[in-house]
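Q: Please take a close look at one part of this model, the packing of its nonpolar side chains, and then follow the description outward to the aromatic rings and the loops. I would like the cut-offs stated as you go.

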Amino acid sequence: MTHGTLWIPLCTLCVLLLVTGVQSDDELIMSNLVYRHGARSPIAVYPTDPYKHHWKDGIGGRLTQRGMQMEYDLGKFLKTRYVDTKFVSPQYLHTQVTIRSSGVDRCLQSAEAQLAGLYPPSDWQIWGDDELGKVWQPIPIQTVPDDEDPVLRPENTKNCPGYDDLMEEMQKDEAYQERINSDETKDLLKYMSLHSGWNLTVDNMWIIYDAVKSEVNILLF
C-alpha cells in the first residue's frame, strides 16, 4: 500500500482542518491539518480580576494542563483518523509527516502534546529501559523565530506587507469607524473601564475579553 502524507502546521491565528477533496473514485494522497494551541492563561489580567492569582505558571498566554490534555486528545483523534485507517504508518516516519509550529511556547508545547497522542512509540521505536520509552518518543517540530514567520505570525513580522495593508484598510472602513465611534461603543468602554479598573479603548479592550475567555475555558469546563 502507498502511504499518504500529513503536513501539520500549528498556529495561533486560525482553526481549520483541510483535507484534500476527493471523489469516490479518487485516492487521498495528502492532508493539511491546521489547528490552534490548547487552553492557555490570559495574556494579561485586569486590576479587579477575581482570578488574577489563579495562574500558577503565570500569565502571558502559558499553556495550561487542560490545554495539554486537549492537544493530547486531539492527537489520539488524529491517530484514529489517519493512522488506524492506514493513511500513514503506525510509526512516525519523517518522510510522511511534517510538523510546523510558530515560535510561541504554548504552540510548541501543544505540538508536543498532540504528537504524544498521535504517535506513541511502538515496535522498533520503543526506546530506553524505563516506562517513558514505551509511551513517548521525541518527534521533530519545525519552527522559525516569532518575528520572522510570515506564515503563522504575520502580525509580528515585517515580511508581510499585505497584512498591514489589510489592517489599514479595515480601520479606514466607514462601517468600522461608525461602529467604534458610536454611543453604544462609548458606553460599553465606559462601563468596562469602571468595572475593570483600567482605562479601556477600542485598541486595548480585547484584553478583557482575552482574560475572561481564558478563565471560562479553565474554570468552567
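A: **The nonpolar cores and what surrounds them**

The largest nonpolar core holds 14 residues, and those that touch the most other members are Tyr82, Val88, Ile99, Leu118, Tyr119 and Ile139. Helix 1, strand 4 (97-101) and helix 2 (105-118) are the elements that contribute two or more residues to this core. A separate, second core has 6 residues, among them Leu189, Leu200, Ile208 and Ala211. Such a core is a set of buried Ala, Val, Leu, Ile, Met, Phe, Trp, Tyr and Cys residues joined through side-chain atoms within 4.5 Å, where buried means under 20% relative accessible area, exposed over 50% and partly exposed in between (1.4 Å probe, protein chains only). Helices (H or I, at least four residues) and strands (E, at least two) are DSSP runs numbered from the N terminus.

The model is predicted, and so local features need pLDDT of at least 70 and side-chain atom pairs count only at pLDDT 80 or more, whereas totals for chains, interfaces and linings use all residues. Residues are numbered from 1 along each chain as its sequence is written, and side-chain values use heavy atoms, with hydrogens and water left out.

Tyr119, one of the core members named above, leads on to the aromatic rings, since a search of the whole structure finds 3 aromatic pairs. In one of these, tyrosine 92 and tyrosine 119 meet edge-to-face, with 5.8 Å centre to centre and 75° between the planes. This pair links distant parts of the chain, because tyrosine 92 lies in the loop between helix 1 and strand 4 and tyrosine 119 in the loop between helix 2 and helix 3, 27 residues apart. Tyrosine 92 counts as buried because its relative accessibility is 10%, and tyrosine 119 is buried as well, at 1%. Another edge-to-face pair joins tryptophan 127 and tryptophan 136, with 6.2 Å between centres and 65° between planes. Here tryptophan 127 is partly exposed, at a relative accessible area of 34%, and tryptophan 136 is partly exposed with a value of 34%. Rings of Phe, Tyr and Trp (its six-membered ring) pair if their centres lie within 6.5 Å, and planes under 30 degrees apart count as stacked, over 60 as edge-to-face and the rest as tilted.

The loop that holds tyrosine 92 also contains lysine 86, found between helix 1 and strand 4. Its phi is near 70°, a positive value in a residue other than glycine, and lysine 86 is exposed, with a relative accessible area of 53%. Aspartate 123, in the loop between helix 2 and helix 3 (132-135), likewise has a positive phi, near 55°, and counts as exposed because its relative accessibility is 59%. For context, most residues other than glycine have a negative phi.

Histidine 37 offers a buried loop position, located between strand 3 (30-34) and helix 1 (65-83), with a relative accessible area of 11%. Its side chain makes a polar contact with the side chain of arginine 36 at 3.2 Å, and another of 3.4 Å joins the side chains of histidine 37 and arginine 106. A polar contact is a pair of N or O atoms within 3.5 Å; within protein, one must be able to donate a hydrogen and the other to accept it, and residues adjacent in sequence count only if both atoms are side-chain atoms.
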